[in-house]
Amino acid sequence: MAKPPLSMKPTGWFQVAWSDEIAVGDVRTMKYFDQEMVAWRAESGRLTVMNAYCEHLGAHLGFGGTVKGEVLQCPFHGWQWNQQGRNVCIPYEDRPNRGRRITTYPVVERNESIYIWHDILGREPFFEAPDIFADFGDGKTAADYYPQQRLFRDSLEMHPQYVLENGVDFAHFKYVHNTPIVPKFTRHDFDDPVSYVDFTITFEGDDGQRIEDVGSGVEAINGGLGIAVTKSWGMVDNRTISAITPVDESTSDVRFMVYIGRPERDVRDPARAEAKAAEFGAEVIRQFSQDIHIWSHQRYSDPPALASSELEGFTAIRKWAMKFYPDGKGGSAADLAARREAMS
Ligand code: FES
Ligand SMILES: [Fe+2]
């Protein structure tokens, strides 16, 4: 693919791991936003994500660093760093170095995922990472669902925004996901950093049906460019989280999670119900993989040749996406001009 003209350093919440991948005492090396980072879990269970290099002489804390209670100890000379990235102990001196600090990232753990806040301007989070249960406000919790099923694909040549643009791209469903008819969007709300998209969709029946008669659909909440959560209605009860995190200037890691609802009443054969749910989850993951196949070879089209029925949705989402590019690299001047024209 071509390197996207969009910045690979957008602002927002981005997934860097799943919670169960980092146990108490673990130190995990990772690279995101072109930075070497470490994530480590203190004895209390609290997780810290920070840049990887020790401020003393530059050892990489992911290679031999050890968790000591609530701090991380460097393997080179034993300096200890706390959860705010402050030096709290130099073992061969009376006092720590109070001046130097390792950059740490705001972290939240929810829905079994670890999200960090990334902002090249160093601003505090200005929106919340979405919660696949709480944010739909219907009282459902993880206990109403079977265990999360997952997909992880690393270092794909794609940009998080490609995934979000699926949220206005009604035409692709028929071709990529083989839906019998084109879905219909019923809500596009791109006013705030957390945006909302609803659509009516069916995977059943033939192409003779009318979308007005379809009784199923999807609600999506996009928490910036990094995380989108969805909830289905009128079909097998499923919820998904897609999370795309830039690794460097041209690649991203993709994580996708599916929850399938447990039966509301007692079923005669719980094992069979669970196997069916797992099968359905695998099918949802397969559908998402079909998107990935396109995205990971796509070239960002800027400005795109939109059909008139696509203009409104794409214009709205691309304008919304600009909120997350503090470096101004949210598309070319031509794209901006086209968007302005489309909006006037
Ligand atoms: S480089 Fe980390 S303690 Fe010296
Ligand atoms: Fe799709």
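**Close-up views of a predicted model**

**View 1. Strand 7 and strand 8 lie side by side in a small part of the chain.** Strand 7, which covers residues 80–81, pairs with strand 8 in the antiparallel sense over two bridges; strands here are DSSP runs (E, at least two residues) and helices are DSSP runs too (H or I, at least four residues), each numbered from the N terminus, and two strands count as paired if DSSP finds at least two bridges between them. Within this pairing, Trp81 has Asn87 of strand 8 as its bridge partner. The model is predicted, so local features need pLDDT of at least 70 and side-chain atom pairs count only at pLDDT 80 or more, whereas totals for chains, interfaces and linings use all residues. Residues are numbered from 1 along each chain as its sequence is written, and chains are lettered from A and ligands numbered from 1 in the order in which they are written.

**View 2. The open sheet that holds these strands.** Four strands form an open sheet in the order 5-6-7-8, with antiparallel pairing. Its edges are strand 5 (66–68) and strand 8 (87–89), each of which pairs on one side only.

**View 3. The region annotated as Rieske.** An unreviewed UniProt entry places the feature "domain: Rieske" at residues 13–116; such positions are given in the numbering used here, feature names are shortened, and annotations may be inferred rather than shown by experiment. Over residues 13–116 the chain is 0% helix and 43% strand, and the end C-alpha atoms are 5 Å apart.

**View 4. Where domain 1 meets domain 2.** The domain assignment, which is automatic or comes from a database, gives domain 1 (12–118) and domain 2 (134–323). Their centres, taken over C-alpha atoms, are separated by 33 Å. The contact takes 13 residues from domain 1 and 14 residues from domain 2, where two residues are in contact if their C-beta atoms, placed from the backbone, lie within 7 Å. On the side of domain 1 that touches domain 2, strand 1 (12–18), strand 2 (27–32) and strand 11 (113–118) each supply at least two residues, and strand 1 gives the most, with five residues.

**View 5. The protein around these details.** The protein has five helices and 18 strands. Its radius of gyration is 22 Å, close to the 20 Å that the globule rule gives for 344 residues, so the protein is as compact as a globular protein of that length; the radius is taken over C-alpha atoms, and the rule is 2.2 Å times the number of residues to the power 0.38. Along its principal axes the C-alpha trace spans about 80 × 60 × 30 Å.
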